[in-house]
Each structure stands twice: as structure tokens, then as C-alpha cells.
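Got the viewer open? Here's a walk through the model, one selection at a time.

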Amino acid sequence: MAEIRLRSLAHTYEKDPQSPEDYAIREMEHVWHQGGAYALLGPSGCGKSTMLNIISGLLEPSHGEVIFDTRIVNELSPQERNIAQVFQFPVIYDTMTVFDNLAFPLRNIKTPEHLVKPRVHEVADILELTPLLKRKAKNLSADEKQKVSMGRGLVRDDVSAILFDEPLTVIDPQLKWKLRRKLKQIHEQFNITMIYVTHDQLEASTFAEKIAVMYEGQIVQFGTPRELFEKPAHTFVGFFIGSPGMNFLDIEVTDQGLRYGDITIPVSEKRLAAARASSSDNIRLGIRPEFIHVWDDRNSEAFEVRVKDMEDLGTYRIMTFWFGDALMKARLHEDQRIPQKKAYISFPEQWLNVYIDEFRVEVDDE
Amino acid sequence: MSQSTITNTQARSEAPEVTSSSGLTRAVSRQKGESVGRNRFLLSIYLLFTLLPIYWLINMSLKSNREILSVFSLWPQALTFDSYIKILTDPSWYMGYVNSLTYVAMNMTISILVALPAAYAFSRFKFIGDKHLFFWLLTNLMAPPAVFLLPYFQLYYTVGLFDTHIAVALAHCLFNIPLAVWILEGFMSSVPKEVDETAYIDGYSFPAFFIKIFIPMIRSGIGVTLFFLFMFSWVELLLARTLTATNAQPIGAIMTRTSTASGVDWSTLAAAGVLTIVPGILVVYFVRNHIAKGFALGRT
Amino acid sequence: MNKVENNKAWFLVLPMLVLVAFSAIIPLMTVVNYSVQDILGRSAFFVGSEWFVQTLNDSRLQSALMRQFAFSFTILAIQVPLGIAIALLMPKKGWQASAVLILITLPLLVPWNVVGSMWQIFTRGDIGLMGYGIRQLGYPYNITRNATDAWVTIIIMDVWHWTPLIALLCYSGLRAIPEAYYQAARIDRASKWAVFRYIQLPKLTNVLVIGVLLRFMHSFMIYAEPFVLTGGGPGSSTTFLSQTLATMAIGQQDLGPSAAFSIIYFLIILAVSYVFYVTIMNMQKDKAENNAGGA
């Protein structure tokens, strides 16, 4: 079994990289623990597929090391690593039956035939492929094909990790949900490390215990879905996770506190001290629309803001408003009174996040 | 700094599975290195096989006949361009190339012009007898030119087209039009039908749509088709020779003049041969990027 | 793709039809006409199947036909595996790919009689690299005297000339395989042979059928190359069908028998090609059904 560690890993496709932009993956450290269900989340082009291919061995990293437990496996080909990978588009061997497809990885390592059969049947049972075993694989539907692809990964008992590269892209929406649940089930049953690449936050948070968010070739946060939501470690995580994303204000540190234009925003001493300690002028304040307090009436804590528009989304409403000259969004409950033209809002201190150079300031009172 | 670099390199070159100070082992692949080198070697042998006869032809064309017959040498000992000069300055020689290129060009034009609408019909419509017609077309691809030798001779003689370029161009239509229809149909079928429908909704007439929208979309298919048309018309000799006498005689027929009672004029024959390869090289150079796709006849 | 039923499509096919008919049907009718008549000077007699019977019993035709089949199957047996192998060896991208592609294509663009001349020069014992070379090694190589030498040489020449066609067809078929298939195979620990057997070869069947069909047809019509290289000899050991026919039709002006010969010749090609055609169509129908089933 394996713990997968990436040590000072970086990768570039350029022969002669000049700037950080030439790197598909910028130098990073990361550990995937044995038996975890992980998601690797990020927009397209952030380097998540590159990382997956480096772990599986389809790519050799240009810098740093990939370590399985205590072995540096950089030079090992995918064949020599105990890893399976499922691709975006189902790969099946057209001319073979479903049974032969599932048996293929076993037969490739010369498994005796009397061991192949029970193993294939076991995996077929789990994936609900048993009735199809005798069919030619090329006649299957897209989701059945993708299940066969997954089955080829599961059938090998030496596999310590399965990597999924956006495996549900070609699957119908209602089947996506079923397959995802199947995956979770398999994960619980087999105690296999699973790394699931996706650009869909819902897919990531329903599948994974911990999500790694990737942005511009770096993992900017690695945490539970709840951590990503409540304490985004990077402005990108705030923006990318949640719908709508986090509100950000460019602020100045003054003697009175944090100021946005001529408005002073009250924050705790600790946050203020951290902001003051920094010499950077890229300081931002972030708060999620869900955590902005919207008051029914004017009061001393609240700021008066102009409402721009109101969007009814069924069980909740999204209010867009002007805070100074920044547009912000706040989420209102169904039964909450709907402000007209003017609204009274405040930012609860515990949900305010200070970002210096895009990274969150960790304050230990939380 | 330099110290650590050295240790690092040493670590990298260590033997398999040796534990380093950090408690890590570096796994070494048991697999042999990629067989790229072996592949290159085998491919080179094949390329050598392909190029040697051509090289030998060039070698011969740059020697004088006396040298060819007196000493065996791998390259010309006394380099001479006499044969090339002779061919390129004597109209009875170079007109052979002009004739060949003329009927090839005519054939390419005719074939592509009639094949385009026909291929479109086959790729888009069902009509009475379409399948039989298509099969009949393909049978013409299978017809041995030798079978048509005599009837062609008589036919073109009767209609007064004997020894004209157009006669050869028309005769080559026998196999080139079916070939063009076949290749183009493959390319056209890969263009979604929605393209046509959108154009008609936008108010295009059929000819306007076909010329302004459809043809540009299958540009590379047309390029590849022209390549094939050129190739098969350029290399064919049996029909071309039979249907011409003097005015439209192809270079292939003129080359037989090098063989006389007093022996073969090897040098001139070789030079004429080398010159027949040149147009082919030019054409293949122009379509090199489409050729891989084209050989799958648009059906990949 | 669902095609629209539209008989006006005939107008689009018409120009093509007229031209091909002019080149194919009228001459073919002439041939049929000759094949059942005896033409002496200006007068013609209907002789029915006489020429057919005579031709079918003609030993020249029979032996040429046997040679033809032997030749066609030999070159297919060499060219198909060799072409696949070369396609697998060819570089996949970069300038090397373009360069190899152009070099490989070269033999296809040489006029067929020049192919003959080129190999005549190449294989002559006195001036040819190959002929001279083999003789230096101690074997009395001579294609004008020794029938085996002539045969082997013609086979090598045809391999040189036409293997590129199979190679290019396969090359284009291989380029159409998505990279993910190879990646999945590596993950599944497939051997090189398994990759070839279960990924590459299945994807090549379509282009291979086209390749084999084209090669079979062309090899059955081969004329100029052996005519120039060996003149059909020694004896008639390398005289194939086309040359036998051309000799009859032009050389001896045996109109009736040569016309009957033409028709038999054509029918053989047609019959074999029809088998291929039906195979292709069935394969495509299979594919269409599978696609429909998979959607």
C-alpha cells in the first residue's frame, strides 16, 4: 500500500523555461495519504491532468521526486507502478468481450486463468456488469464503457491507487450521480487511494474527503469541502468554490483600521496586526455572500448600502449591492424580508478573511 | 552550493534500490530503454532500399555512356550534365514532358469538376439506383487498361481525337473520376449536414452554397484528391502511349527511343527517368501535411 | 448520416455519368461485340461463344492466369505485413515525420515504365548496383536467362514500388488512434504485442481492406514494369495477363479472341473485387449498427 508523496515537484513542457508561467506545475510539496478519497479541483489548464499523469508515470517530472512510501519512482514506467488510471473518454478494447476487457490487465501479468475468472466476476458484480460479460465491449453505452474502464483498474489486486481524469465527462447527468456513488462505495470497500480530477466543485465535494484546489500550477489549498468553503486559503479558492463566489474588497491599512475608500471596517486586533506587519500593498478582505448579515432595519452596526438587483433562485435570493464603489453579493433566506433600494448589512467578524498577496492570513483565534 | 550539486548527481547515478541517508530508495526501471534507436535503424534500412534504385538512376544520369560501360563506380568519376542538357534543349525530348503535363492537368481539371457534384450527391442524397451506380463506378477502378486498349484506339480514331492531349485526358477519366468520387465522398460525409441546412436557411442557393461554403470546408480533401489524380494520370503509360503518335506523345513513350540497334543510351534514359520523378516530388511536397489524412480517404 | 431521398440528385451525377460512360461503356460494348464475332477484313460473322471456348482453353491464358495469381498473392503476402511494420516504425511528428513521409511516397510517383527502366539499370549485371553486387558475391545472377532470378526481381521491384501505399494507409490509420488508448494500455501493462493486437490492428482493418483491394486490383493489371524490365521473359516466365492481352490485341490483331480474353479478365477482377466490396460494406454496416447501439 502506498502513500504518495511529491517532493519539490515541478514540471515544464518547455525545453528552456524562462518564467514561472512556463511551468505546468510550479514547485510544490504534497502528500496523498494511503486510503484517502481525494479530489483535484481546478479550472482547465491549471495543471491537474499533468499532475495526474506524473503520478501514474505517463509523464516524468522535470524537477523533484515522486515517492511511493519510501521509493522514489520517477524513473518507473506506469507498468511498474501499482497504479490504475481512468481517462476522460472511456478506453475499451473494441474487439474483446467485456469479460476479456476486465481480464486483460490480469492476463498481461500472466495471472493463472483459474484466478482470473473469480476476480473478474467479483469486480463485474460490484460494477453491475455481470449481465454484460459476454457482450462485445464496442457495443456498450458510454457509461457501461466507462464502468469497464474502471473495472480494469479494480481488477488488479496490486493496485494501491486509482486515478480518475474527469471520468464522467461523457456520461448522462442522471447516471453521473449513480456512478459517483458507486465509486464512493468501492472506495469504502477496497481501501484504495483514489484521486479524482475534476473542474466541477459539486463533483469534487460529493466524492472526496479532502480536496486539493489547483490554480496556475500550484495546489493553493488542500482541505475538506467545509474548510474550502469557510476558510479559503487563497483568493482563487474563495472565488472558485461556492456560487456565487466570495466578495473581495481591496483595502488599505491605516491607523484607524482597515479602510475601504472612506469606510472603516471593524476587524479584530489580531487580523489588523497581521495586516500591519505586511509591507505588501496587495491586501484584500474577503467574505462569502452566505455570511454577510442583512438586517431588517437600520442600526448602529450596519452599513447602509444601495441595492442593485435581486435574483430569486427558488429557495434563496441573491442580492447584489453597491458597497462604496464595489459590487458585492449577499445571500438572503427565503423567509427573510426583501430590502427595497436600501439595505443594511454588516460583516460578522469571524467570517472575515484577510488576504495578503492573495494568501489568507491565518489567525489562531479560530 | 557546488558541493550539494555534486552529491545530488552522485545520488542519481547510484545503483538500484540503494537506501540513501533520508531512508528513501530510488527505484530503477527494469524496463529496457525505449526502442527508438532500433526503430530508426530498421526504418533507415527500408529508406535505403527505397532510395538506392533512385540514387543509381541519378548516378547513371550524371555519367557519360562511355564511363557507364567501361568502369563500375558508385559515383560519377567524370561528372557530366550532357544528358540533361540534351533533354532540356531538344524539343523532341522536352515536349514529351510538356505533353504529359498537359494531359495530366486536363484530366485533373475534368475529373475534379465532375466528381465534386457527384460525390456531393452520393454523400447527401438517396436516389434511385445510387448504390448500383456507386458500385459500377468502383468497377471502373478495377478495369484493366489493357482491356480497353483496342476499343479506345478505335473509338478515338473514329471521332478524330487520336493523338491529342484530350484523348489521353478522357481515357484516364476511366479510373480517375471514380477514384475522385470515392475519396471526395469520404471527406464530404465527414462534414455535418447541419452545415448545408444552415446555409439554405440563410438564403444561399445551391451553387452559391457549394462554391462559397462547402468547397472551402473540404479544401484538404480536394488537395488530397488532386494529388491522387495527378499520381495515377502521371504514372500511367499503356493508354497514353496507345492513344498518341507524335503530337501528344508522353515522355514515357519518347524514352523508348534511347533503345536503338546500336545499344541503349543509358545516360539519357536515366536522365529522362530522373526528370519524370521531379514533378512528383513537387506535388508530394505541397500535400505532405494532408497526405496522412488523405490516405485514409477521409474515413478516419 | 441519414440521407434525404431526392431523385434530383441524378442531375448532380449526370456529368460524371456521361464522361465515365463515354470512357467505359462504349468501349466495353465494342469489346463484347468483338468477342462474339469473327472479323475478316470488312465482314463479320457471329460466332457466339466460340472465342470464349477457344480462349479459355488457350494455354497462354491459363498459364498467364496462374502466374498472375501466384504473383498477386506473393506480393500481398509481403507488402501487407511489411507496410504495417513500416507504418509502425515511422516517426509520429516533427520534421522527421514529413521527411520520411515524402521519401516513402516517392516510388508511388514514378511513372510505371520508368520504374521498369530504373530497375533494369539497377539490376543489370554489368552496370547495375544490385546485379553487379550479387555477382560479386559469387551468384551468377541473370534476369534474362534465369526465370527464378527474374521472378524474384519482379517481386522485389513491386515491393519497392507499392509497399509505400500500404504503409501510408496504415500510417494514417494509426494517427487516428487517440493517445488515451496507448496510455490505458501502459497502465494495463499490455505488452507491445498486445498493444498491436488489441489496439492498433483492430483500428487498421478498415484501411487495410481498402489497401488490399487496391493492391490486388493493381497487381492484377500490372503491365509496364515487367514489360520494361524483363519483357515477360525469360521465355514467358514473367508474362502476366495484361501483357498477354496486349500482345494479342495489338501485336497479332486477334480481335475476337483478345476481346473474349478481355471479358474473362475483367470478370475475374470483378468477381474477386466484389467479394472485397461486400466485405467492406458489411463491415461498415456493422459499424453503423454499433454506433447506433452505442448512442
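## Start with confidence

Colour chain C by pLDDT: this is a predicted model, and chain C averages a pLDDT of 81, with 88% of its residues scoring at least 70. Now pick out the two extremes in chain C. Helix 8 of chain C has the highest confidence, at 90, while strand 3 (residues 43-46) of chain C has the lowest, at a mean of 64. Then go to residues 290-295 of chain C, where pLDDT stays under 50 and the model has 6 contacts beyond four places in sequence. Where pLDDT is low, the predicted coordinates shouldn't be read in detail. For the complex, the predictor gives an ipTM of 0.83 and a pTM of 0.80.

## Chain C by itself

Hide the other chains for a moment and switch to cartoon. Chain C has 12 helices and 3 strands. Of its 295 residues, 43% count as buried. Among the contacts in chain C with a separation of 6 or more, 68% are between residues 24 or more positions apart.

## Where chain C meets chain B

Bring chain B back and select the contact between it and chain C: 78 residues come from chain C and 84 residues from chain B. On the chain C side, helix 1 (residues 9-35) makes the largest share, with 15 residues. The side of chain C that touches chain B divides into 59 nonpolar, 16 polar and 3 charged residues.

Next, zoom in on strand 1 (residues 4-5) of chain C. What does this strand run parallel to? Strand 2 (residues 125-126) of chain B is the partner, and 2 bridges join the two strands. To find one of these bridges, show B:Lys126 together with C:Glu5, its bridge partner in strand 1 of chain C.

## Where chain C meets chain A

Swap chain B for chain A. Here the contact takes 17 residues from chain C and 23 residues from chain A. Three elements of chain C to highlight are helix 8 (179-187), helix 9 (192-220) and helix 12 (255-294), each of which supplies at least two residues to the side of chain C that touches chain A. Which of chain C's elements gives the largest share of that side? Helix 8 of chain C does, with 6 residues. By class, the side of chain C that touches chain A has 9 nonpolar, 5 polar and 3 charged residues.

## Over to chain A

Now isolate chain A. Its C-alpha atoms fill a box of roughly 80 × 50 × 35 Å along the principal axes. Chain A has 9 helices and 22 strands, and 40% of its 366 residues count as buried. Residues 24 or more positions apart make up 66% of the chain A contacts with a separation of 6 or more.

Give the two assigned domains their own colours: domain 1 (4-223) and domain 2 (243-360) of chain A. Their C-alpha centres lie 40 Å apart. For another selection, take residues 4-241 of chain A, where an unreviewed UniProt entry places the feature "domain: ABC transporter". That stretch of chain A is 35% helix and 25% strand, and its end C-alpha atoms are 26 Å apart.

## An open sheet in chain A

Select strands 11, 15, 21 and 22 of chain A. They form an open sheet of 4 strands in the order 11-15-21-22, with antiparallel pairing. Strand 11 (247-250) and strand 22 (359-360) of chain A stand at the edges with a single partner strand each, so one side of each is left without a neighbour in the sheet.

Follow the sheet to the strand 22 edge. Strand 21 (residues 353-356) of chain A is joined to strand 22 of chain A by 2 bridges, and A:Ile356 has A:Phe359 as its bridge partner in strand 22. In the loop between these two strands sits A:Glu358, which has a positive phi of about 75° although it is not a glycine. A:Glu358 is partly exposed, with 17 other C-beta atoms within 10 Å.

## Two last backbone stops

Jump to A:Asp69, in the loop between strand 4 (63-68) and strand 5 (71-72) of chain A. Phi of A:Asp69 is near 55°, again a positive value in a residue other than glycine. Is A:Asp69 buried or exposed? A:Asp69 is partly exposed, with 14 other C-beta atoms within 10 Å.

Finish at A:Pro244, in the loop between helix 8 (235-240) and strand 11 of chain A. Turn on the backbone atoms here: a cis peptide bond joins A:Ser243 and A:Pro244, with omega about -5°.

How values were computed: Residues are numbered from 1 along each chain as its sequence is written. Chains are lettered from A and ligands numbered from 1 in the order in which they are written. This is a predicted model: local features need pLDDT of at least 70, side-chain atom pairs count only at pLDDT 80 or more; totals for chains, interfaces and linings use all residues. Two residues are in contact if their C-beta atoms, placed from the backbone, lie within 7 Å. Ala, Val, Leu, Ile, Met, Phe, Trp, Tyr, Cys and Pro count as nonpolar, Asp, Glu, Lys and Arg as charged, and the others, Gly among them, as polar. UniProt positions are given in the numbering used here, feature names are shortened, and annotations may be inferred rather than shown by experiment. Domain bounds come from an automatic or database domain assignment. Two strands pair if DSSP finds at least two bridges between them. A residue is buried if 20 or more other C-beta atoms lie within 10 Å of its own, exposed if 12 or fewer, and partly exposed in between; C-beta atoms are placed from the backbone. pLDDT is the predictor's confidence in each residue, from 0 to 100.
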